[in-house]
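Me: I'm new to reading protein structures. Could you walk me through one, feature by feature?

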Amino acid sequence: MESAPAIFAGTVFALFGGALLLWTAARVRRREPVAEGVNRVASAAVASLAAMAALAAGVWCLMRL
């Protein structure tokens, strides 16, 4: 019963991180801005770091089961 919140949180973090990483890669591949009005390289780097952090949090949550 105590593992249900960890499973839910891990799944949410992993899905969000994966989706953000795929979306960022698609925007960079098409040479479109990741964030409007911001340097293209900086916004892609920050979005990629946020995606990796979310994926790491998801893995951490799932490893605590």
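Reply: Sure, here is a short tour of helices, a surface patch and a salt bridge. Keep in mind that this is a predicted model.

Me: Let's start with the helices. How are helix 1 and helix 2 arranged, parallel or antiparallel?

Reply: The general idea is to look at the angle between the two axis directions, where angles over 145 degrees count as roughly antiparallel. Here, helix 1 covers residues 4-29, and helix 2 covers residues 40-63. They pack at an angle of about 155°, and their axes are 7 Å apart. That makes helix 1 roughly antiparallel to helix 2.

Me: And what is the handedness of the crossing of helix 1 and helix 2?

Reply: That crossing is left-handed.

Me: Which residues make a nonpolar surface patch?

Reply: For a patch, you look for nonpolar side chains with over 30% relative accessible area. In this model, Ile 7, Leu 62 and Leu 65 make a nonpolar patch of about 260 Å² on the surface. Ile 7 sits in helix 1, while Leu 62 belongs to helix 2.

Me: Why does Ile 7 count as partly exposed?

Reply: The partly exposed class runs between the buried limit of 20% and the exposed limit of 50%. Ile 7 counts as partly exposed because its relative accessibility is 40%. Leu 62 gets that label too, because its value is 37%.

Me: How far apart are the C-alpha atoms of Ile 7 and Leu 62?

Reply: Here it helps to keep two kinds of separation in mind, along the chain and through space. Ile 7 and Leu 62 are 55 residues apart along the chain, yet their C-alpha atoms are separated by 6.0 Å. Now try Ser 3 and Ala 26: they are 23 residues apart along the chain, with 34 Å between their C-alpha atoms.

Me: Where is Ser 3?

Reply: Ser 3 is in the segment before helix 1. With a relative accessibility of 34%, Ser 3 is partly exposed.

Me: How many salt bridges does the structure hold?

Reply: To spot one, check whether a side-chain nitrogen of Lys or Arg is within 4 Å of a carboxyl oxygen of Asp or Glu. The structure has one salt bridge. Arg 27 pairs with Glu 32 in a salt bridge, and their closest N and O atoms are 2.9 Å apart.

Me: What are the relative accessibility values of Arg 27 and Glu 32?

Reply: Arg 27 is at 23%, so it counts as partly exposed. Glu 32 has a relative accessible area of 27%, which makes Glu 32 partly exposed as well.

How values were computed
Residues numbered from 1 in each chain as written. Predicted model: local features only at pLDDT ≥ 70, side-chain atom pairs only at ≥ 80, totals over all residues. Heavy atoms only, no water. Patch = residues over 30% accessible without salt bridge, like charges linked within 9 Å, V, L, I, M, F, W, Y side chains within 5 Å. Areas by Shrake-Rupley, 256 points an atom, 1.4 Å probe, with all protein chains shown as cover. Helix = DSSP H or I, 4+ residues; strand = E, 2+ residues; numbered from the N terminus. Buried < 20%, exposed > 50% of the residue type's maximum accessible area, 1.4 Å probe, protein only. Axes fitted to C-alpha atoms, helices over the stretch in contact; angles between N-to-C directions. Parallel < 35°, antiparallel > 145°, perpendicular 65-115°, else oblique. Left-handed = near helix turned anticlockwise from the far one by under 90°.
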